[in-house]
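Trainee: Could you walk me through reading pockets, sheets and one buried residue in a model like this?

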Amino acid sequence: VVAAGGGAGIFRISSSNPWNWSVDSDWIMTNEPSTQTGNQTFTYTVAANITPESRTATITVTSGDIVCAYRVLQAAGDPEETLVINPPSRSISAERTTGRFTVLSEGEWTWTSDAVWLTSPEATSQTGNQLFNYIATPNTTPEDRIASITVTSGDTNRTHTVIQEGLAGSLTLRPAGNNLEAEGGTGSFYITSNITWTWSSNALWLTSNASTSQSGNQTITYSVAANTSTQARTATITISAADLTRTHTVSQSARTLTVSPTTSSIAATGGNGAFTVSSNTAWNWSDNAAWLTSNEATTQSGNQTFSYSVARNTSTQARTATITLTAGGLARSHIVTQAAAEITLTVRPTTRRIPATGGNDTFTVSSNTNWNWSSNVPWLTSNESTTQSGNQTFSYSVAANTSTQSRTATITIA
């Protein structure tokens with residue numbers, strides 16, 4: 001129900017489909033698009049009724065086979081009315097807008113506005129019929145707002161209502177994504193908006209100290225924890241403002257660690273070796289043998305050439321050692337195999353002359369392995385262990401020769 005002087009009205013349309021509207025009277029006015037979709041707030045204005053009869057108009061909303069009617073009943077006017085405003089209301093856009101209405105009066109009148117954003121260059125006090133101009137400053141909020149200009153003549157007041165749309169929300173985000181290495185780190189993006197917005201993250205490893213709710217243009221800085229897994233991962237920061245949503249996607253590499261080559265062979269004489277480490281994170285190394293050493297820092301990061309030294313192998317057995325690299329849950333190995341030393345076995349001197357009376361003597365055995373000894377005659381004996389190892393002084397005894405013939409015997413080291 002609207003008074004005879006006219007006014008503005010609002011009703012809510014709830015729909016999940018497109019819809020159209022129509023009105024059956026020219027004294028109902030609106031700036032609404034004729035075709036709309038979904039839930040909307042419908043605003044309209046009603047002109048002053050200067051007739052002595054009340055009147056009814058219908059706004060019809062149609063969506064497919066569904067028809068809904070919204071009826072407006074306006075009270076009868078007074079033919080002897082001395083102050084009329086037409087139209088009594090107007091809907092305007094969010095931008096800076098000028099508007100006007102007609103004042104019909106037989107005497108003096110004044111005007112006032114109830115909002116600082118609704119002003120007029122017109123004189124405060126005027127007389128008779130006038131075309132009244134006003135200015136609405138831009139609405140920088142997303143909410144609709146309403147203000148009125150009241151015209152007063154004596155004891156009579158008439159109102160022109162201005163309904164200004166809220167600013168269409170804008171929300172942009174740049175860049176839309178970022179890629180970080182497994183070690184983690186920080187990143188940022190810039191938000192441009194004319195409304196209030198909130199942010200949220202969908203992963204515990206993607207965080208920010210920024211206020212959850214902010215307004216306008218802002219830079220959001222965030223932190224990414226180290227990725228200790230062998231799988232790459234992705235998370236999203238979502239910015240929401242009214243019906244607008246924007247996302248910033250963060251992709252983080254998996255932890256990687258490779259060595260090449262994975263094995264090497266070193267001569268018995270020893271020497272130096274090297275292998276290449278390829279990684280996107282920090283790593284440590286260790287080895288399991290005293291004869292395999294390196295001057296490299298225990299903790300390193302990224303791609304490196306790893307150098308090591310192998311001591312001489314004096315044994316007759318080949319040997320193996322491992323350099324192990326670890327990075328979080330990753331472990332990689334470089335295996336070093338060293339050849340055995342060649343077997344050596346010498347005796348000095350290789351011959352002896354012993355008098356017929358017999359006696360004791362020695363010779364030196366030089367070897368890098370185990371060896372056995374044997375004598376080929378019973379008169380050449382030794383108390384030495386049959387099996388020995390390495391360098392030794394070998395003692396033996398020769399019995400007296402009671403014959404008239406010289407004789408020869410051999411101690412064999414094998």
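Here is a short talk through those features, one at a time.

Mentor: Some ground rules to start. This is a predicted model, with local features needing pLDDT of at least 70, side-chain atom pairs counting only at pLDDT 80 or more, and totals for chains, interfaces and linings using all residues. Residues are numbered from 1 along each chain as its sequence is written, and side-chain values use heavy atoms, with hydrogens and water left out.

Trainee: How much space lies in the largest pocket, and which residues lie nearest its centre?

Mentor: General idea: on a 1 Å grid over the protein atoms alone, a pocket is an open set of points where a 1.4 Å probe fits, with protein on both sides within 12 Å along at least five of seven lines, and lining residues have an atom within 4 Å of a point. Points are joined across faces, edges and corners, and the volume is the space filled by probe spheres set on them. Here the largest pocket holds about 830 Å³. Its lining has 30 residues, with Gln40, Pro142, Asp144, Gly166 and Ala168 nearest the centre. Strand 5 (40-46), strand 9 (89-92) and strand 16 (156-164) are the elements giving two or more residues to that lining, and strand 5 has the largest share, at three residues. Strands here are DSSP runs of E, at least two residues long, numbered from the N terminus.

Trainee: What is the class make-up of that lining, and what about the second largest pocket?

Mentor: Count Ala, Val, Leu, Ile, Met, Phe, Trp, Tyr, Cys and Pro as nonpolar, Asp, Glu, Lys and Arg as charged, and the others, Gly among them, as polar. The largest pocket then has ten nonpolar, 13 polar and seven charged lining residues. The second largest pocket, at about 700 Å³, is lined by 25 residues, with Arg352, Arg353, Ile354, Thr408 and Ala409 closest to its centre. Its lining has 14 nonpolar, eight polar and three charged residues. Strand 40 (392-398) and strand 41 (411-413) each supply at least two of them.

Trainee: On to sheets. Which strands stand at the edges of the four-stranded open sheet?

Mentor: Strands of a sheet pair through backbone hydrogen bonds, either parallel or antiparallel. The working rule is that two strands pair if DSSP finds at least two bridges between them. This open sheet runs 8-10-14-12, with antiparallel pairing. Strand 8 (83-86) and strand 12 (118-119) are at the edges, each with a single partner, so one side of each has no neighbour in the sheet. Strand 12 pairs antiparallel with strand 14 (residues 130-136) over two bridges, and Leu118 sits opposite Ala136.

Trainee: Along strand 26, which side chains are buried?

Mentor: Buried means under 20% relative accessible area, with a 1.4 Å probe and protein chains only. In strand 26 (residues 257-260), Leu257 and Val259 point to one face and are buried, while Thr258 and Ser260 point to the other and are not. Four antiparallel bridges tie strand 26 to strand 28 (residues 271-279), where Thr276 faces Ser260.

Trainee: Is Ser148 buried or exposed, and what does Ser148 touch?

Mentor: Ser148, in strand 15 (residues 145-153), is buried, at 14% relative accessible area. Contact means heavy atoms within 4.5 Å. Leaving out residues up to four places away in sequence, Ser148 touches Thr112, Ser113, Asp114, Leu118, Thr159, His160 and Thr161. Strand 15 also joins strand 11 through four antiparallel bridges, with Thr112 opposite Thr150.

Conventions:
Buried means under 20% relative accessible area, exposed over 50%, partly exposed in between (1.4 Å probe, protein chains only).
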